[in-house]
Amino acid sequence: MSEAIIDVKDLKVAYGKNEVLHGVSLAFPAGDLVALVGPSGCGKSTFLRSLNRMNDEVGNVNIQGTIKFKGQDIYADGSDLVALRSAIGMVFQQPVPFPFSIYDNVAYGLRVAGYTEREYLDQRVEESLRQAAIWDEVKDDLKKSALALSGGQQQRVCIARQLAVRPQVILLDEPTSALDPISSSEIEETLLTLKRDYTLIMVTHNLQQASRISDRTAFFLNGNLVEYGRTEEMFLRPQQEVTSEYLNGRFG
Ligand SMILES: Nc1ncnc2c1ncn2[C@@H]1O[C@H](COP(=O)(O)OP(=O)(O)OP(=O)(O)O)[C@@H](O)[C@H]1O
């Protein structure tokens, strides 16, 4: 395995007294697309949100264990949350563009970071929309409201908005489950292109999607990591009986 860009050790997360992750250890190699799968409620989203400290926004959450991003403990005192969330971006299930133009959506994070020079913004907006595979569809209409786009296009604009701030890791929480099959397959194509340059970690309920596009798969059950390995290997020869049952659709 190439060096881990994110290394999680013995992660326990509780909401109040309800512990929902019971000590998960998982290392993510740089440049891989890793799928997190498992039945509803097993803790996949909680795990994903811990990786860029989105759970901090939830009241009453208790997090133990360590998460290192490029060797640094992200929960250490004095850790810079804004920098962390630029380096580890998040794309959600429902595309959530801001009620602005396509251009302003993608430029948003850059402006927040203090960039104002028009030429520079133009260049980064174009680069990000190209990487998100939507430039050709929107290049003549960048002033159009992002809300007027189709669901799949909105999701690609949301991906471009993340890319504009040059993250190293992108977390995706069921990024295609709210989309029609054509838009979903466009997003899958986009993700396959992006994994050349980024580390992608994706929660998905769609096992075919996991087997089509991920390099590694992690199977969660009841707050524990049951099995983690190369996707091909895991789908062909799961080590645990319960993994085999899940992957074959016998529960979940
Ligand atoms: N903000 C919260 N406050 C309290 N409990 C929560 C919160 N978020 C999640 N939980 C609980 O934590 C457990 C794990 O939820 P989580 O959303 O992480 O699972 P999941 O595997 O992503 O589920 P799904 O596939 O349905 O999205 C569930 O029992 C859920 O009810």
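Visitor: Which residues sit around the ligand?
Guide: Keep in mind that this is a predicted model. Helix α1 (residues 44-50) gives the most to the shell, with three residues. The full set around the ligand is Tyr15, Val20, Gly38, Ser40, Gly41, Cys42, Gly43, Lys44, Ser45, Thr46 and Val58.

Visitor: How many nonpolar, polar and charged residues does the shell around the ligand have, by class?
Guide: Glycine goes in with the polar class here, and Gly38, Gly41 and Gly43 are among the residues around the ligand. By class, then, the shell comes to four nonpolar, six polar and one charged.

Visitor: Where does valine 13 lie, and is it buried or exposed?
Guide: Valine 13 belongs to strand β1. The cut-off for a buried residue is 20 or more other C-beta atoms within 10 Å. Valine 13 has 23 of them, so it counts as buried.

Visitor: What is valine 13 in contact with, leaving aside its neighbours within four places in sequence?
Guide: One residue far along the chain is glycine 65, which is 52 residues away in sequence and 8.8 Å away in space, C-alpha to C-alpha. As for contacts, leaving aside neighbours within four places, valine 13 has Val20, Leu21, Thr46, Ser50, Asn55, Val61 and Ile63.

Visitor: In the open sheet of four strands, which strands stand at the edges?
Guide: The order of the sheet is β2-β1-β4-β5, with antiparallel pairing. Two strands have a single partner each, so one side of each is left without a neighbour in the sheet. Those edge strands are β2 (18-29) and β5 (72-73).

Visitor: And in β4, what is the bridge partner of lysine 9?
Guide: Strand β1 (residues 4-15) pairs with strand β4 (residues 61-69) over eight bridges, in the antiparallel sense. On the β4 side, lysine 9 has as its partner threonine 66.

Visitor: Which way do the residues of β3 point?
Guide: In a regular strand, side chains alternate between the two faces of the sheet. Strand β3 (residues 33-37) is mostly covered, with five of its five residues buried. One way go Leu33, Ala35 and Val37, and the other way go Val34 and Leu36.

Visitor: What stands opposite valine 34 in β8 and in β9?
Guide: β3 pairs in the parallel sense with strand β8 (residues 199-203), over four bridges. Four bridges also join β3 to strand β9 (residues 216-221), again running parallel. Opposite valine 34 you'll find isoleucine 201 in β8 and arginine 216 in β9.

Visitor: Which residues have the most contacts inside the largest nonpolar core?
Guide: That core has 62 residues, and the ones with the most contacts inside it are Leu36, Val106, Ala160, Leu200 and Ile201. The largest share, six residues, comes from helix α6 (residues 151-164). To take one of the well-connected residues, isoleucine 201 touches Phe28, Val34, Leu36, Leu48, Leu51, Val169 and Leu171, not counting residues up to four places away in sequence. So much for one example; the full list is Leu36, Val106, Ala160, Leu200 and Ile201.

Visitor: What covers the buried residues of α3?
Guide: In helix α3 (residues 102-112), the buried ones are Ile102, Tyr103, Asn105, Val106, Ala107, Gly109 and Leu110. Their cover includes α2 (81-87), α4 (118-131), α5 (135-138) and α6.

Visitor: Arginine 53 and glutamate 174 each have a positive phi although neither is a glycine; which of them is buried and which partly exposed?
Guide: Arginine 53, with phi of about 60°, is in the loop between α1 and β4. Glutamate 174, with phi of about 45°, is in the loop between β7 (169-173) and α7 (181-194). Within 10 Å, arginine 53 has 17 other C-beta atoms, making it partly exposed. Glutamate 174 has 21, making it buried.

Visitor: How far apart are the C-alpha atoms of phenylalanine 92 and proline 175?
Guide: Phenylalanine 92 is in the loop between β6 (88-91) and α3, and it is partly exposed, with 15 other C-beta atoms within 10 Å. Along the chain, 83 residues separate it from proline 175, but their C-alpha atoms are separated by 5.8 Å.

Visitor: What radius of gyration does the protein chain have?
Guide: The secondary structure comes to ten helices and ten strands. A compact globule of 252 residues would have a radius of gyration near 18 Å, and the chain agrees with that, at 18 Å.

Methods:
Residues numbered from 1 in each chain as written. Predicted model: local features only at pLDDT ≥ 70, side-chain atom pairs only at ≥ 80, totals over all residues. Buried ≥ 20, exposed ≤ 12 C-beta atoms within 10 Å, placed from the backbone. Pairing = 2+ DSSP bridges. Core = buried A, V, L, I, M, F, W, Y, C linked by C-beta atoms within 7 Å. Contact = placed C-beta atoms within 7 Å. Near = placed C-beta within 6 Å. Rg over C-alpha atoms; globule rule 2.2 N^0.38 Å.
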